[in-house]
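Me: I would like to go through this model step by step, with short reasoning behind each answer. Please start once the structure is shown.

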Amino acid sequence: MKRPEKEVVVAELTEAFRNADAVYLTEYRGLTVPQISDLREKLGRDTSYTVAKNTLFRIAAKEAGIEGLDEMLTGPSAVVFVKGDFIDAAKILRDFAKTNKALIVKGGFADGTVYDAEGAKQLADLKSRPELLAELAGALKGTMAKAARLFNALPTKAVRTVDALREKQEKAA
């Protein structure tokens, strides 16, 4: 690859690093083209799986302001650029690596933090945003139902007390 071509690739990679919500570094040695195509399909349209030279990845990451990925960029590397929910992408990579032992997740970068391989696995074990929102909604709904019963109990108790007093006075009279 000649220098002008490399500059174009670095510019594209730099833009991809800047636009991504998260980045995962993988080693793809031993994966076949159909397996990589299958992984790309599973990752979805908002995520790209890019193969390039490690040197170009290093330069692009540095230009995008991402530090700490250099030690993970060894051997044949591919980068997953994630737009959107990066927890789902981590889960897809984890599940794909279980069935395709050749895929190795080396680490990643998300929310300003560099993660090693173990950290990337832990991200995959987190609940996704929709799951967390559903749990929050369920908790709020339960709390609101309790509050509604409490607010309803006070007037009901007051009415019962007034009725009991009224009946007591009617019997006494």
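Me: How many bridges join strand E1 to strand E3, and in which direction do the two strands run?
Reply: This is a predicted model, and in it strand E1 covers residues 22–27 while strand E3 covers residues 77–82. One of the pairs is formed by Leu-25, whose bridge partner in E3 is Val-79. The two strands run antiparallel, and the number of bridges joining them is 6.

Me: Which strands stand at the edges of the sheet?
Reply: The sheet is open and is formed by 5 strands in the order E2-E3-E1-E4-E5, with antiparallel pairing. A strand at the edge has a single partner strand, so one side of it is left without a neighbour in the sheet. The strands in that position are E2 (47–51) and E5 (113–116).

Me: By what angle are neighbouring strands of this sheet turned against each other on average, and what angle does the direction of H5 make with that of E5?
Reply: With direction ignored, neighbouring strands of the sheet are turned against each other by 20° on average. Helix H5 packs on this sheet, where H5 touches E1, strand E4 (104–110) and E5. The direction of H5 makes an angle with that of E5 of about 100°.

Me: Are helices H4 and H5 roughly parallel or roughly perpendicular to each other?
Reply: Two packed helices are described by the angle between their axes and the distance between the axes. For H4 (residues 86–99) and H5 (residues 117–125), the axes are 7 Å apart and the packing angle is about 110°. Angles of 65 to 115 degrees count as roughly perpendicular. H4 and H5 are therefore roughly perpendicular.

Me: How many residues of the contact of H4 with H5 are charged?
Reply: On the H4 side the contact is made by Phe-86, Ile-87, Ala-90, Lys-91 and Arg-94, which meet Ala-120, Leu-123, Ala-124 and Asp-125 in H5. These residues divide into 6 nonpolar and no polar, and the number that are charged is 3.

Me: With which side chain does the side chain of Arg-29 make a polar contact?
Reply: Arg-29 lies in the loop between E1 and helix H2 (33–43). Leaving aside neighbours within four places in sequence, Arg-29 is in contact with Gly-75, Pro-76 and Ala-102. The polar contact of its side chain, at 3.1 Å, is with the side chain of Glu-27.

Me: What radius of gyration does the chain have?
Reply: The C-alpha trace spans about 110 × 35 × 25 Å along its principal axes. A compact globule of 173 residues would have a radius of gyration near 16 Å, but the value for this chain is 28 Å.

Methods: Residues numbered from 1 in each chain as written. Predicted model: local features only at pLDDT ≥ 70, side-chain atom pairs only at ≥ 80, totals over all residues. Heavy atoms only, no water. Axes fitted to C-alpha atoms, helices over the stretch in contact; angles between N-to-C directions. Helix = DSSP H or I, 4+ residues; strand = E, 2+ residues; numbered from the N terminus. Parallel < 35°, antiparallel > 145°, perpendicular 65-115°, else oblique. Contact = heavy atoms within 4.5 Å. Nonpolar A, V, L, I, M, F, W, Y, C, P; charged D, E, K, R; others polar. Pairing = 2+ DSSP bridges. Polar contact = N/O pair within 3.5 Å; in protein donor to acceptor, adjacent residues only side chain to side chain. Rg over C-alpha atoms; globule rule 2.2 N^0.38 Å.
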